[in-house]
Amino acid sequence: TPASPSPKPGTHLVRIISGYLPEHADIRLLPGATLTHASFAEDRDPRFAMMRLDESLMAAAGDVVVLAHEPCEVSDQFEAEMFWLDSGRGFTGRAYQLQLGGKTAAATLLEVKGRYSLTTLDLLSSRTLRPGHTGKVTFGTDIPLPFEPFDKCAALGAFILTDPYRQQVVGAGIVNFALRRSHNIHRQALV
């Protein structure tokens, strides 16, 4: 449930993308994993609700609100299926912007694992994506993003890839899963 700020401090209008909201609940604000208690009131539009946080926390636009006992995953590296829309080729190592859920992050195409055959749907060896190709890719982002696999929650599992220099959509796809290395490799401050 991505949140957007409202005029009253501590109160946010949230869009309900999956499940239900109880009147009171322990919640997590992702990607930061802040644990707090919140109360919810129905809005005139059933797709939205007003959320009031018990503490002096502010949810940023694009934060995902989940019940504390049902958190979604947060990662900065993903495997995905992507449809290439741009007239140029998609190469590894290029910088893009990724929109996933309500967040936008700088992203790098880490690997093109292959492209799918249009006739047999077999994964064929390929290191680039050409216009109209669908392929299996991995990408990394500069910040951790909350997500769910597409088959579990379409709103948190679908993404758009944009060329930041031309401000043009170059690809769209669905997240399969977080790469394991994103969970066991941690950045360290070097002194």
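The paragraphs below walk through a predicted model, beginning with one strand and its neighbours and moving on to aromatic rings, cysteines and two individual residues.

A convenient place to start is strand β5, which covers residues 48-53. In a regular strand the side chains alternate between the two faces of the sheet. In β5 the residues A49, M51 and L53 make up a covered face, while F48, M50 and R52 make up an uncovered one. Strand β5 has pairing partners that include β2, residues 11-15, with which it runs antiparallel over five bridges, and in this pairing L13 stands opposite M50. Strand β4, residues 34-42, also pairs with β5 in the antiparallel sense, again over five bridges, and here F40 has M51 as its bridge partner. The residue M50, opposite L13, belongs to the uncovered face of β5, whereas M51 belongs to the covered face. Between β4 and β5 there are five residues, and the two strands form a hairpin.

The loop that follows β5 and leads to β6, residues 64-67, contains D63. With a relative accessible area of 10%, D63 falls under the 20% limit and is therefore buried. The side chain of D63 is not without a polar partner, since a polar contact of 3.1 Å joins it to the side chain of K103. Further along, in strand β6, lies V66, which is likewise buried, at a relative accessible area of 11%. Leaving aside residues up to four places away in sequence, V66 touches D26, I27, R28, L30, P71 and C72. The C-alpha atoms of V66 and G19 are 9.8 Å apart in space, although 47 residues separate the two in sequence.

The aromatic residues give another view of how separate segments meet. How many aromatic pairs does the structure hold? There are four, and one of them joins F78 and F139 in a tilted arrangement, with 5.3 Å between the ring centres and 35° between the planes. This pair links distant parts of the chain, because F78 sits in strand β7 (residues 73-84) and F139 in strand β11 (residues 134-147), 61 residues apart. Both of these phenylalanines are buried. A further pair, between W84 and Y96, is edge-to-face, with centres 6.1 Å apart and planes at 80°. Since W84 lies in β7 and Y96 in β8 (residues 95-100), the pair ties together parts that are twelve residues apart in sequence. W84 is buried at a relative accessible area of 1%, and Y96 counts as buried at 5%. Beyond single pairs, ring pairs link F78, F139, F147 and F159 into a cluster.

The cysteines remain to be considered. The structure holds zero disulfides, and C72 is accordingly in none; the nearest cysteine sulfur to that of C72 belongs to C153 and is 8.1 Å away. Why does C153 not form a bond with C72? The sulfur of C153 lies 8.1 Å from that of C72, the closest cysteine sulfur, and this is too far for a bond, because a disulfide requires the two sulfur atoms to be within 2.5 Å. Both residues are nonetheless shielded: C72 counts as buried at 9% relative accessibility, and C153 is buried at 8%. C72 also leads back to strand β6, as one of the residues that V66 touches.

Conventions
Residues are numbered from 1 along each chain as its sequence is written. This is a predicted model: local features need pLDDT of at least 70, side-chain atom pairs count only at pLDDT 80 or more; totals for chains, interfaces and linings use all residues. Side-chain values use heavy atoms; hydrogens and water are left out. Helices (H or I, at least four residues) and strands (E, at least two) are DSSP runs, numbered from the N terminus. Buried means under 20% relative accessible area, exposed over 50%, partly exposed in between (1.4 Å probe, protein chains only). A polar contact is a pair of N or O atoms within 3.5 Å; within protein, one must be able to donate a hydrogen and the other to accept it, and residues adjacent in sequence count only if both atoms are side-chain atoms. Rings of Phe, Tyr and Trp (its six-membered ring) pair if their centres lie within 6.5 Å; planes under 30 degrees apart count as stacked, over 60 as edge-to-face and the rest as tilted. Two strands pair if DSSP finds at least two bridges between them. Contact means heavy atoms within 4.5 Å.
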